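This report goes through one protein chain from its overall composition to individual residues. Please keep the sequence and the coordinates at hand while reading.

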Amino acid sequence: MVAAQQQRQARRGLPRQQPTRTTDRQGRDPAGGPLRWVQFIHRGVFDAEGKLTEVQSVGRDLTDHKRLESELEAAVDQTRDLYDNAPCGYYSLDARGVFIRVNPVMLGWLGCDAPTVLGRMSPTDFFTDEG
């Protein structure tokens, strides 16, 4: 049933110029069970006159991938929150030693705003002659 619906939807959106379409959907197996994420890749096959004659579809279960993606996003958000709201100064540098990220506490200590520092300055720009 799900595959038939996917095929009908795929036929509507497979022009000859771009004969492949990918769709991600969440749904239940017709027999019941938990919600699952699935991905279908549909490919249209055309005859010499450009008429769609066949749709080939391949599906795969993305549930674990989507769960891991969600967990990673939550971990990134948590790390970003810690970095940005820490009671101490944090900064990150690129390979040249230039600031690419600076948290608000560090900006306050430096006495600068982010546009002034990011991609333009390095920690050595704030050193005095005494070190």
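The text below takes up the chain as a whole, then the sheet, then the nonpolar core and a cysteine beside it in the discussion.

**Overall composition**

The model is predicted, and its protein chain comprises four helices and five strands, which follow one another from the N terminus in the order α-β-β-β-α-β-β-α-α. Of the 131 residues in the protein chain, 20% count as buried. The exposed surface of the protein chain comes to about 9500 Å², with 52% of that area supplied by carbon and sulfur atoms. When contacts between residues at least 6 apart in sequence are considered, 27% of them join residues at least 24 apart.

**The sheet and its helix**

Three strands make up an open sheet in the order β1-β2-β3, with antiparallel pairing. Because β1 and β3 stand at the edges and each has a single partner strand, one side of each is left without a neighbour in the sheet. From one strand to the next, the twist averages 25°. The two pairings are set side by side in the table.

| Strand pair | Bridges | Sense | Opposed residues |
|---|---|---|---|
| β1 and β2 | nine | antiparallel | threonine 23 and phenylalanine 40 |
| β2 and β3 | nine | antiparallel | phenylalanine 46 and leucine 52 |

Strand β2 covers residues 32-46 and strand β3 covers residues 52-61, while β1 spans 20-29. The connection from β2 to β3 is a hairpin with five residues between the strands, and in its turn glycine 50 has a positive phi of about 90°. Helix α2, residues 63-85, lies across β1, β2 and β3 and runs at about 110° to β2.

Is histidine 42, a residue of strand β2, buried or exposed? Its relative accessible area is 1%, and since the cut-off for a buried residue is under 20%, histidine 42 is classed as buried. The side chain of histidine 42 is also joined to that of serine 57 by a polar contact of 2.6 Å. As a general point on strands, side chains in a regular strand alternate between the two faces of the sheet.

**The nonpolar core**

Which residues form the largest nonpolar core? This core has seven residues, namely Phe99, Val102, Met106, Leu107, Leu110, Val117 and Met121. Strand β5 (99-102) and helix α3 (104-110) each supply at least two residues of the core, and α3 gives the most, with three residues. In soluble globular proteins, nonpolar side chains tend to be buried together.

Methionine 121, one of the core residues, touches Gly97, Val98, Phe99, Thr116 and Phe126 when residues up to four places away in sequence are not counted. Among these partners, Phe99 is itself listed in the core.

**Cysteine 112**

Cysteine 112 is placed in the loop between α3 and α4, the latter helix spanning 114-117. With a relative accessibility of 23%, cysteine 112 counts as partly exposed, because that class lies between the buried limit of under 20% and the exposed limit of over 50%. If its neighbours within four places in sequence are left aside, cysteine 112 is in contact with Leu107, Val117 and Phe126. Leu107 and Val117 are both listed in the nonpolar core, and Phe126 also appears among the residues that methionine 121 touches.

Methods: Residues are numbered from 1 along each chain as its sequence is written. This is a predicted model: local features need pLDDT of at least 70, side-chain atom pairs count only at pLDDT 80 or more; totals for chains, interfaces and linings use all residues. Side-chain values use heavy atoms; hydrogens and water are left out. Two strands pair if DSSP finds at least two bridges between them. Buried means under 20% relative accessible area, exposed over 50%, partly exposed in between (1.4 Å probe, protein chains only). A polar contact is a pair of N or O atoms within 3.5 Å; within protein, one must be able to donate a hydrogen and the other to accept it, and residues adjacent in sequence count only if both atoms are side-chain atoms. Contact means heavy atoms within 4.5 Å. Accessible areas come from the Shrake-Rupley method with a 1.4 Å probe; for residues, only the protein chains shown count as cover. A nonpolar core is a set of buried Ala, Val, Leu, Ile, Met, Phe, Trp, Tyr and Cys residues joined through side-chain atoms within 4.5 Å. Axes are lines fitted to C-alpha atoms, for helices over the stretch in contact, and angles run from 0 to 180 degrees between N-to-C directions.
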